[in-house]
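Please open the structure in your viewer, keep the sequence beside it, and follow the stops below in order.

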Amino acid sequence: MTDPQPPHRVLLVEDDIRLANLIMDYLKSHGIHVEVERRGDTVLTRLINYKPDIILLDIMLPGMDGLTLCEKLPDYFAGPILLMSALGSAEDQVKGLELGADDYVVKPVDPALLIARINNLLRRTAKPPKVESHCLSFGKLSIDPHVQVIRLDDLEVDLTSHEFELLWLLASQAGQVLSRQYIYQYLLNIDFDGKDRKIDVRVSRLRKKLGDNVETPFRIKTVWGQGYLFAPEAWTN
């Protein structure tokens, strides 16, 4: 007999107390553990003690708005981010998704739909990293998939789990151009819609952390109209 799965943990960032309580009560009635944070500028501190599986994030928050948080959170939180906002224009939604949110719902949202979105995001991100059993080494770069440790010039590089998955995917097929469609399907299990910039943002962060040239990348190259290429010869200097 297998042990029961622990309840999913949600951090709800919402300054509307009445709405926050309604959402919290509904999620709890469906077996989900919820904690509420009402200010944007205290979310990162909250993550030290509370390890959520997913963050539900309002945009208009005191202290720090949700869009600014979307840019900061990937350095501190590897799970999915679901933006919830009364700002419902296509422009608002595109901006939120481009800044790092994994999904966007417009308030007021049907509670059943909200749970469906939460479960969908958790299913997508619950997939274990598709890693091989051996380490990869390119010049001064080494990648250990067993402990997800990256070393460059004998120094450990701090990557989020999302960044590690992307680097491993690119490096394990070094010298080959991987299309955005392939990367989206492999990592996110969704089709690339031609607009989403989530992977582009992760590539940009990887380049900065791995000492690539941001203006003229030579380690993780952009092949225009095709995708990204990990250059195996670019790690000797």
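Begin by selecting Asp-154, which counts as exposed because its relative accessibility is 65%, a value over the 50% cut-off. Keep in mind throughout that this is a predicted model. Asp-154 sits in the loop between E8 and E9, and although Asp-154 is not a glycine, its phi is positive, at about 65 degrees.

Now add Asp-153, which is found in the loop between strand E8 (149-152) and strand E9 (155-157). Asp-153 is likewise a residue other than glycine with a positive phi, near 55 degrees, and with a relative accessible area of 42% Asp-153 is partly exposed. What makes such angles worth a stop is that most residues other than glycine have a negative phi.

For the next stop, select Lys-107 and Pro-108, which are joined by a cis peptide bond whose omega is about 0 degrees. Pro-108 belongs to the loop between strand E5 (103-106) and helix H5 (111-125). As a point of comparison, most peptide bonds are trans.

Move on to helix H6, residues 161-171. How many of the eleven residues of H6 are buried? Ten of them are, and H6 is therefore described as mostly covered, where buried means under 20% relative accessible area. If you colour the buried residues of H6, you will be marking His-162, Glu-163, Phe-164, Glu-165, Leu-166, Leu-167, Trp-168, Leu-169, Leu-170 and Ala-171.

Keep H6 on display and add helix H7, residues 180-188. The axes of H6 and H7 come within 11 Å and cross at roughly 130 degrees, which means that H6 is oblique to H7. The crossing in which H6 passes H7 is right-handed. To see where the two helices touch, show the side chains of Glu-165, Leu-166, Leu-169 and Leu-170 on H6, together with Tyr-182, Ile-183, Tyr-186 and Leu-187 on H7. Sorted by class, this contact of H6 with H7 holds seven nonpolar residues, no polar ones and one charged residue.

Next, leave H7 visible and bring in helix H8, residues 198-209. Here the axes of H7 and H8 come within 10 Å and cross at roughly 90 degrees, so H7 and H8 are roughly perpendicular to each other. On the H7 side of the meeting you can pick out Arg-180, Ile-183, Tyr-184, Leu-187 and Leu-188, and on the H8 side Lys-198, Ile-199, Asp-200 and Arg-202. By class, the contact of H7 with H8 has five nonpolar residues, no polar ones and four charged ones.

Stay in helix H8 and select Asp-200, which lies there. Is Asp-200 buried or exposed? Asp-200 counts as buried, because its relative accessibility is 17%. Once its neighbours within four places in sequence are left aside, Asp-200 is in contact with Arg-180 and Tyr-228, so add both to your selection.

The last stop concerns cysteines. A disulfide is a covalent bond between the sulfur atoms of two cysteines. When pairs of cysteine sulfur atoms within 2.5 Å are sought, the count of disulfides comes to zero. Select Cys-70, which counts as buried because its relative accessibility is 0%, and then Cys-135, which counts as partly exposed because its relative accessibility is 44%.

Notes. Residues are numbered from 1 along each chain as its sequence is written. This is a predicted model: local features need pLDDT of at least 70, side-chain atom pairs count only at pLDDT 80 or more; totals for chains, interfaces and linings use all residues. Side-chain values use heavy atoms; hydrogens and water are left out. Axes are lines fitted to C-alpha atoms, for helices over the stretch in contact, and angles run from 0 to 180 degrees between N-to-C directions. Helices (H or I, at least four residues) and strands (E, at least two) are DSSP runs, numbered from the N terminus. Angles under 35 degrees count as roughly parallel, over 145 as roughly antiparallel, 65 to 115 as roughly perpendicular and the rest as oblique. A crossing is left-handed if the near helix is turned anticlockwise from the far one by less than a right angle, and right-handed if clockwise. Contact means heavy atoms within 4.5 Å. Ala, Val, Leu, Ile, Met, Phe, Trp, Tyr, Cys and Pro count as nonpolar, Asp, Glu, Lys and Arg as charged, and the others, Gly among them, as polar. Buried means under 20% relative accessible area, exposed over 50%, partly exposed in between (1.4 Å probe, protein chains only).
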